[in-house]
Amino acid sequence: LLGDAELRELLDLDALQQIERQLQHLDDKYKVRTTDGLHDLLIRIGDLSAAELQLRSAIPDAAAEAAALERARRVVVLPIAGERRYVAVEDVARYRDALGIPMPAGIPTSLLEPVRDPAGDLVRRYARSHGPFTAGEFAARYGLGVAVAESLLRRLTGEERLIEGEFRPGGTEREWVDADVLRSIRRRSLARLRQEVEPVDADALGRFAVAWHG
């Protein structure tokens with residue numbers, strides 16, 4: 001109906017932040033509780049530092065469990081944007097081809113086959129696990145130039161993999177978001193609005209009508 005995705009005034013900020021915490025497994029109900037869960041988390045939302053892993057884990061010492069996964073060759077530590085981050089071993093070729101990161105020794109050859117659209121894969125996974133984000137935010141996460149990141153985001157928008165617009169209340173820049181994530185935010189925002197317009201009882205309506213009409 002609006003003709004564009006200018007939704008800053010329509011989306012509820014609390015609903016948006018709640019969805020983001022769930023997508024990022026920061027909500028207590030979504031935190032991982034097993035070593036296998038840590039590995040699955042890296043596959044689901046991508047590379048994470050030791051501190052970021054701990055924030056998303058109910059395990060007392062997530063760093064020790066991540067180190068055990070590294071010894072088992074289920075995860076590797078890669079330098080990404082000047083930071084040491086854990087990456088699931090299934091994704092190493094994707095990071096190599098997208099960011100030019102050298103691979104550690106001992107990776108099975110079967111996991112080093114070239115990836116068709118590695119940078120696009122990183123963007124799509126980032127979008128699926130975040131709310132609306134700017135090109136600058138994505139660029140900073142992966143140590144890319146903003147122009148490079150924006151070109152990549154616009155390509156995926158043209159392929160209808162992402163939606164571009166103005167979504168985050170209080171924001172000032174153009175943003176990108178995954179379509180399913182946007183639908184979730186809109187549903188949650190609508191539910192909050194409906195709660196604000198629930199019918200009142202007859203006594204309240206009567207008091208309002210008398211006051212309104214004088």
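Tutor: Contact means heavy atoms within 4.5 Å. Helices (H or I, at least four residues) and strands (E, at least two) are DSSP runs, numbered from the N terminus. Keep both in mind. The model is predicted, so local features need pLDDT of at least 70 and side-chain atom pairs pLDDT 80 or more, while totals for chains, interfaces and linings use all residues. Residues are numbered from 1 along each chain as its sequence is written, and side-chain values use heavy atoms, leaving out hydrogens and water.

Student: Which residues of helix α1 are called buried?

Tutor: Buried means under 20% relative accessible area; exposed is over 50%, and partly exposed is in between (1.4 Å probe, protein chains only). In α1, residues 13–23, that label goes to Ala15, Leu16, Ile19, Glu20 and Gln22. They fall within an arc of 160 degrees seen down the axis, so they line one face of α1. The arc is taken from the directions from the helix axis to the C-beta atoms.

Student: What covers those buried residues of α1?

Tutor: The cover includes α9, residues 179–196. Arg188 lies in α9. Leaving aside neighbours within four places in sequence, Arg188 is in contact with Ala15, Gln18, Ile19 and Gln22.

Student: Why is Arg188 called partly exposed?

Tutor: Its relative accessible area is 25%. That value lies between the two cut-offs, so Arg188 is partly exposed.

Student: What marks the two ends of α1?

Tutor: At the start, a side-chain oxygen of Asp12 reaches to within 3.0 Å of the backbone nitrogen of Asp14. After α1 comes His25, with a positive phi near 60 degrees.

Student: What puts the buried residues of α4 on the same side?

Tutor: Helix α4 covers residues 62–71, and its buried residues are Ala62, Ala66 and Leu69. They cover an arc of only 55 degrees around the axis, and therefore they sit on the same side of α4. They pack against α2 (35–45), α3 (50–55), β1 and β2.

Student: What makes β1 and β2 a pair?

Tutor: Two strands pair if DSSP finds at least two bridges between them. β1 and β2 (residues 83–88) have six, in the antiparallel sense, so they pass. Ile80 stands opposite Glu83 in β2. The hairpin has two residues between the strands, and Ala81 takes a positive phi near 55 degrees there.

Student: What makes a group of residues a nonpolar core?

Tutor: The members are buried Ala, Val, Leu, Ile, Met, Phe, Trp, Tyr and Cys residues joined through side-chain atoms within 4.5 Å. In soluble globular proteins, nonpolar side chains tend to be buried together. Here the largest core has 24 residues, and Tyr95 and Phe138 touch the most other members. Two or more residues each come from β1 (75–80), α5 (92–99), α6 (118–128), α7 (135–142) and α8 (146–158). A second, separate core has 14 residues, including Leu41, Leu42, Ala66 and Tyr86.

Student: What does Tyr95 touch outside its sequence neighbourhood?

Tutor: Leaving aside neighbours within four places, its contacts include Leu78, Ile80, Val87, Leu122 and Tyr142.

Student: Why is the link between Glu52 and Arg141 called a salt bridge?

Tutor: A salt bridge needs a side-chain nitrogen of Lys or Arg within 4 Å of a carboxyl oxygen of Asp or Glu. The closest N and O atoms of Glu52 and Arg141 are 2.8 Å apart, so the pair qualifies. Glu52 lies in α3 and Arg141 in α7, so the pair ties together parts 89 residues apart in sequence.

Student: Are Glu52 and Arg141 buried or exposed?

Tutor: Glu52 has a relative accessible area of 18%. Arg141 also has 18%. Both values pass the test for buried.

Student: Why do the labels of Asp91 and Arg94 differ?

Tutor: Asp91 is at 7% relative accessibility, so it counts as buried. Arg94 is at 21%, so it counts as partly exposed. Their side chains meet in a salt bridge at 2.7 Å, N to O.

Student: How do you know that Glu166 and Arg174 form a salt bridge?

Tutor: Their N to O distance is 3.7 Å, so they meet the salt-bridge definition. Glu166, at 26%, is partly exposed. Arg174, at 31%, is partly exposed too. Elsewhere, salt bridges that share partners join Asp91, Arg94, Asp117, Asp121, Arg124, Arg125, Arg155 and Glu159 into one network.

Student: How many salt bridges does the whole structure hold?

Tutor: The search finds 23.

Conventions. Polar contact = N/O pair within 3.5 Å; in protein donor to acceptor, adjacent residues only side chain to side chain.
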